[in-house]
Amino acid sequence: MTINTVAVIGAGYMGGGIAQSFVLAGLDVVIADQSAEATAQALERLIREAQEFEDQGLYGAGSAARIKAGLRSAASIEAAVADVDFIEEAVFENPEVKREVLGRISAAARPDAIIGTNTSTIPVRVLADAVQGPERFLTVHFSNPAPFIPGVELVAGEKTDPKIIPEIRELLAKAGRQGAQVADVPGFVLNRLQYVLLKEATAIAEEGVATVEDIDMLVRTTFGFRLPFFGPFAIADQAGLDVYAGGFSTFENAFGPRLATPQILKDAVTADRRGLKNGRGLIADYSDAEKQAVIAYRNKAYAEMGRLLSVLGPAPAGTKIG
Ligand SMILES: NC(=O)c1ccc[n+]([C@@H]2O[C@H](COP(=O)([O-])OP(=O)(O)OC[C@H]3O[C@@H](n4cnc5c(N)ncnc54)[C@H](O)[C@@H]3O)[C@@H](O)[C@H]2O)c1
């Protein structure tokens with residue numbers, strides 16, 4: 001099925017941004033919140049916010065008018081979902097509330113409608129049995145702020161029909177988003193990585209290794225600078241897998257087995273995969289032409305990133321605590 005019509009249930013911070021994104025992708029979108037009044041207020045807010053985004057140059061010319069014309073409010077959840085191809089649930093992050101809402105959505109939706117939840121943390125298996133027809137249910141997890149962040153995590157449950165995944169990917173592509181399917185484990189991928197980063201950053205601060213301000217500055221200006229372009233595997237390929245394996249030995253000596261060389265890296269080095277430098281990496285093999293192309297892209301990306309940051313200037317700082 002090609003998805004042309006969407007209902008977003010829970011038109012708060014995330015649901016509102018998701019609804020705007022789908023309208024801008026050319027879909028017909030209806031929202032519903034806790035009451036007809038709350039939904040009407042949310043619709044007004046989303047139209048006003050779209051105009052602000054357009055005025056600030058964040059949305060293209062004509063976006064606010066398109067959102068005004070293409071976004072509708074429904075008087076109830078049941079009315080919103082009755083005849084749409086896809087429903088995204090974005091109510092409070094509470095399993096009981098979500099189960100109740102997903103039960104109502106699935107009872108009122110067409111049997112062939114696909115139902116997604118925007119949960120950040122709750123496994124599909126905790127919610128799926130509240131859905132009538134769990135084979136059409138999955139997590140479609142947008143990131144904050146939803147109008148601007150392109151990556152979306154997709155989580156299929158045990159009962160999810162695999163054939164709906166490409167249909168959701170096609171929908172996301174229309175909205176300029178990229179979806180990646182991940183296993184049904186708490187925290188999925190992005191939050192697990194983000195939380196580990198924060199955990200280690202707080203440990204570094206607590207140990208007095210560096211100040212909170214300096215840790216943030218170093219993250220932004222060193223490895224964080226690379227992350228819009230390359231993930232950790234691509235970065236390891238570029239740095240050299242043998243170099244990384246050696247680095248982990250130092251960490252293991254200092255911090256114990258939690259930072260021992262990962263098996264995948266040991267195996268790669270044993271198989272003489274050293275990354276870009278010998279054309280044999282973790283994510284790919286690289287011909288000489290591909291190596292040159294990666295390096296040229298990398299250099300251009302970082303130079304452009306430097307320019308963007310100098311145009312934007314530093315992020316406004318909050319008031320310092322204490
Ligand atoms: N805020 C984030 O950074 C973020 C990021 C990714 C995912 N999420 C997830 O998105 C979901 C929504 O989060 P949010 O930040 O938009 O919260 P929010 O509080 O801004 O919005 C939730 C909306 O759901 C509505 N709602 C609650 N119960 C309802 C019901 N029974 N029927 C209809 N509407 C109901 C509320 O009135 C509210 O408008 C959560 O699952 C959250 O974990 C949030």
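Helix α9 (212-221) gives the second largest pocket the largest share of its lining, seven residues. The model behind this picture is a predicted one. The pocket itself holds about 520 Å³ of space. Its lining counts 20 residues, and those closest to the centre are Asp 216, Arg 220, Thr 221, Leu 309 and Ala 315. Helices α10 and α14 join α9 as contributors, each of the three supplying at least two lining residues. Sorted by class, the lining comes out as 14 nonpolar residues, three polar ones and three charged ones.

Helix α14 turns up again and again in this part of the model, and a closer look follows. The helix has 25 residues, and from its first C-alpha to its last it reaches 36 Å, close to the 36 Å expected at 1.5 Å a residue. Which residues of α14 are buried? Lys 291, Val 294, Ala 301, Tyr 302 and Met 305 are. As background, an α-helix makes a turn every 3.6 residues, so residues three or four places apart point the same way. The buried residues of α14 pack against α10 and α11. Just after the helix comes Gly 313, whose phi is positive, near 75 degrees.

Tyr 302 also takes part in the aromatic side of the story. The count of aromatic pairs comes to eleven. In one of them, the ring centres of Phe 230 and Tyr 302 lie 6.3 Å apart with the planes at 85 degrees; an angle over 60 counts as edge-to-face, so this pair is edge-to-face. The two partners come from distant parts of the chain, 72 residues apart: Phe 230 sits in the loop between α10 (223-226) and α11 (232-239), whereas Tyr 302 belongs to helix α14 (residues 288-312). Both Phe 230 and Tyr 302 are buried. The pair is also part of a wider group, since ring pairs tie Phe 225, Phe 229, Phe 230, Tyr 297 and Tyr 302 into a cluster.

Stepping back to the whole chain, the model has 14 helices and eight strands. The C-alpha trace spans about 60 × 50 × 45 Å along its principal axes. The chain has 322 residues, and 39% of them count as buried. What share of the contacts between residues at least 6 apart in sequence joins residues at least 24 apart? The figure is 65%.

A few spots stand out for their backbone geometry. One is the peptide bond from Asn 144 to Pro 145, which is cis, with omega near 0 degrees. Pro 145 sits in the loop between β6 (137-142) and β7 (151-156). Two further residues have a positive phi without being glycines. For Phe 188 the angle is near 50 degrees, and for Asp 272 it is about 60 degrees. Phe 188 is placed in the loop between β8 (178-182) and α8 (190-206), while Asp 272 is in the loop between α13 (263-270) and α14. Are these two loop residues buried or exposed? Phe 188 has a relative accessibility of 2%, under the 20% cut-off, so it counts as buried. Asp 272, at 38% relative accessible area, falls between the 20% and 50% limits and is therefore partly exposed.

Two residues from the early helices round off the description. Ser 21 is in helix α1 (residues 13-24). Its relative accessibility is 7%, again under 20%, so Ser 21 counts as buried. Leaving aside residues up to four places away in sequence, Ser 21 touches Ala 146, Pro 147, Ala 175 and Arg 177. Gln 41, by contrast, is in helix α2 (residues 36-55), and its relative accessible area of 56% is over the 50% limit, which means that Gln 41 is exposed. Between the C-alpha atoms of Gln 41 and Tyr 244 there are 53 Å, and the two residues are 203 residues apart along the chain.

Terms used:
Residues numbered from 1 in each chain as written. Predicted model: local features only at pLDDT ≥ 70, side-chain atom pairs only at ≥ 80, totals over all residues. Heavy atoms only, no water. Phe/Tyr/Trp six-rings, centres within 6.5 Å; stacked < 30°, edge-to-face > 60°. Helix = DSSP H or I, 4+ residues; strand = E, 2+ residues; numbered from the N terminus. Buried < 20%, exposed > 50% of the residue type's maximum accessible area, 1.4 Å probe, protein only. 1 Å grid on protein atoms, 1.4 Å probe; cavity = no way out; pocket = protein on both sides within 12 Å on 5 of 7 lines; lining within 4 Å. Points joined across faces, edges and corners; volume = space filled by probe spheres on them. Nonpolar A, V, L, I, M, F, W, Y, C, P; charged D, E, K, R; others polar. Expected span 1.5 Å × (residues − 1). Contact = heavy atoms within 4.5 Å.
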